[in-house]
Amino acid sequence: MRFKLLAATAAVALLASGSAFAESANLTIWSWNVAASALKSTLPGFNKQFPDIKITVEDLGNSQVFDKTLAACAAGGDGLPDIVSIENFEAEIFWSRFPDCFANLKELGYTPEIQAKFPDFKRTELEVGDVAYAMPWDSGPVAVFYRRDMYEKAGVDPSTISTWDDFIAAGKKISAANPGVVMAQADFNGDSEWFRMIANEQGCGYYSTDGQNITINQPACVASLQKVKEMKDAGTLTAANWDEKIQANTAGKAASQLYGGWYEGTVRSTSPDLKGKWGVYRMPSLTADGPHAANLGGSSLAISATSANKEAAWKFVNYALGTNEGQITMLKEFGLVPSLLSAEKDPFISEPQPYWGGQKVWADILATLPKIVPSRGTAFQSDAEAIFKATQTKFFAGGYPDAKAALDDAAKQIASATGLPVAQ
């Protein structure tokens with residue numbers, strides 16, 4: 001704090017009026033890609049209410065934010081900005097290793113009434129005991145984003161794609177009818193995205209929902225990894241990282257992408273000339289009568305404990321994430337799917353979207369939210385992620401006889417790294 005001594009009456013007056021520090025400040029936020037752009041889109045509305053709080057959003061890229069935040073927390077918070085974007089899946093890594101690195105939002109105004117505005121599954125990884133380290137931001141209900149024209153040219157109706165086997169068969173038709181076009185892409189080298197999406201759809205993940213057991217080698221996870229390999233072997237999935245996918249979208253080289261709902265903003269903002277050519281449909285399942293809902297991604301905002309402007313930072317966090325105005329602005333501009341329950345009932349959700357050929361994409365995407373099975377990252381997410389990616393690479397190269405053997409090995413390695421038991 002700038003002033004160390006305040007008369008008691010002055011302190012009370014400041015608190016009652018919303019601390020002077022909260023009314024005039026310069027704040028910095030670390031974020032990435034579309035998320036950073038979405039935060040910037042809320043600034044005009046925020047500054048109408050708080051004109052003296054100036055905010056700079058730095059787009060560092062996802063991995064850079066994670067690495068720099070870990071390094072800064074390890075250094076006692078030195079170098080952290082006022083506000084940090086944190087993925088829910090990785091959140092518990094920070095709270096477990098550096099419990100004093102971020103402010104307790106409950107001490108800044110995050111009341112039980114505000115907490116109740118968000119679904120429990122979004123708060124689970126952001127709170128420890130009586131400490132709320134971060135406020136939920138967006139969700140990632142998974143959907144297939146597809147090129148209408150490419151599907152139509154191949155005579156493929158997306159409404160008939162109910163299973164992943166249907167997806168493989170459709171991919172063969174689409175690639176044949178559209179030379180040089182792949183059905184979909186996956187970052188096999190740098191991510192576990194497709195496995196995690198399908199496994200979550202099937203109710204499985206690296207860990208149990210209470211975070212106490214390793215479940216990566218359970219039958220649903222085994223079936224999910226096997227299906228990803230089948231899609232890769234069939235040529236339905238080809239390897240591509242984030243930037244390569246965007247390039248393929250823009251160049252008309254990919255017919256589909258599977259991602260969380262936030263990918264809507266990525267497609268719309270990076271391929272503006274393809275307005276009307278994209279559509280959305282629900283993700284297929286392993287069986288025709290299986291589940292068709294999963295979550296990938298979803299972030300939160302945390303305030304650094306070393307920030308000299310925590311009150312001002314809280315005002316922004318609460319505006320951007322805790323109001324319909326803030327959340328719907330980010331949804332409209334950049335496709336960030338709100339976790340705020342009231343925002344999901346906003347009239348905009350049911351409006352036809354011109355970019356998507358008049359489809360009511362948000363109503364379709366958000367319809368799956370109640371069906372999503374929570375997937376826990378836990379404090380050991382980075383251990384499991386690294387082990388799984390190496391296992392997946394080895395499995396795809398023929399290093400295991402089958403998916404069960406691969407994930408049994410991964411489970412043993414994760415147990416060795418974390419000390420957690422493998423669920424029986």
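What share of the 424 residues in the chain is buried? In this predicted model, buried residues make up 56% of the chain. A residue counts as buried when its relative accessible area is under 20%.

The overall form of the chain may be considered next. Its secondary structure comprises 19 helices and 14 strands. Along the principal axes, the C-alpha atoms fill a box of roughly 75 × 50 × 30 Å. For 424 residues, a compact globule would be expected to have a radius of gyration near 22 Å, and the chain agrees with this because its own value is 22 Å. The contacts add a further view of the fold: of those with a separation of 6 or more, 76% join residues that stand 24 or more positions apart.

The surface and the charges complete this general description. The chain exposes about 17100 Å², of which carbon and sulfur atoms supply 52%. It carries 37 positive and 47 negative charges, and the mean positions of these two groups are 3 Å apart.

Attention now turns to the cysteines. A disulfide is a covalent bond between the sulfur atoms of two cysteines. The model contains 2 disulfides. With bonded cysteines counted along the chain, their pattern is 1-2, 3-4.

One of the disulfides is formed by C73 and C101, whose sulfur atoms are 2.1 Å apart. C73 belongs to helix α5 (residues 62-74), while C101 is in the loop between α6 (88-97) and α7 (112-115), so the bond ties together parts that are 28 residues apart in sequence. The torsion about the S-S bond of C73 and C101 is about -90°, and the disulfide is therefore left-handed. C73 has a relative accessible area of 6% and is buried. C101 likewise counts as buried, at 6% relative accessibility.

C204 and C221 also form a disulfide, with their sulfur atoms 2.0 Å apart. This pair links distant parts of the chain: C204 is found in the loop between α11 (193-201) and α12 (219-233), whereas C221 is in helix α12, and the two are 17 residues apart. Here the torsion about the S-S bond is about -105°, so the disulfide of C204 and C221 is left-handed. Both C204 and C221 are buried.

Notes
Residues are numbered from 1 along each chain as its sequence is written. This is a predicted model: local features need pLDDT of at least 70, side-chain atom pairs count only at pLDDT 80 or more; totals for chains, interfaces and linings use all residues. Side-chain values use heavy atoms; hydrogens and water are left out. Helices (H or I, at least four residues) and strands (E, at least two) are DSSP runs, numbered from the N terminus. The radius of gyration is taken over C-alpha atoms; the globule rule is 2.2 Å times the number of residues to the power 0.38. Buried means under 20% relative accessible area, exposed over 50%, partly exposed in between (1.4 Å probe, protein chains only). Contact means heavy atoms within 4.5 Å. Accessible areas come from the Shrake-Rupley method with a 1.4 Å probe; for residues, only the protein chains shown count as cover. Lys and Arg count as positive and Asp and Glu as negative; His and the chain ends are not counted. The place of a charge is taken as NZ of Lys, CZ of Arg, CG of Asp or CD of Glu. A disulfide is a pair of cysteine sulfur atoms within 2.5 Å.
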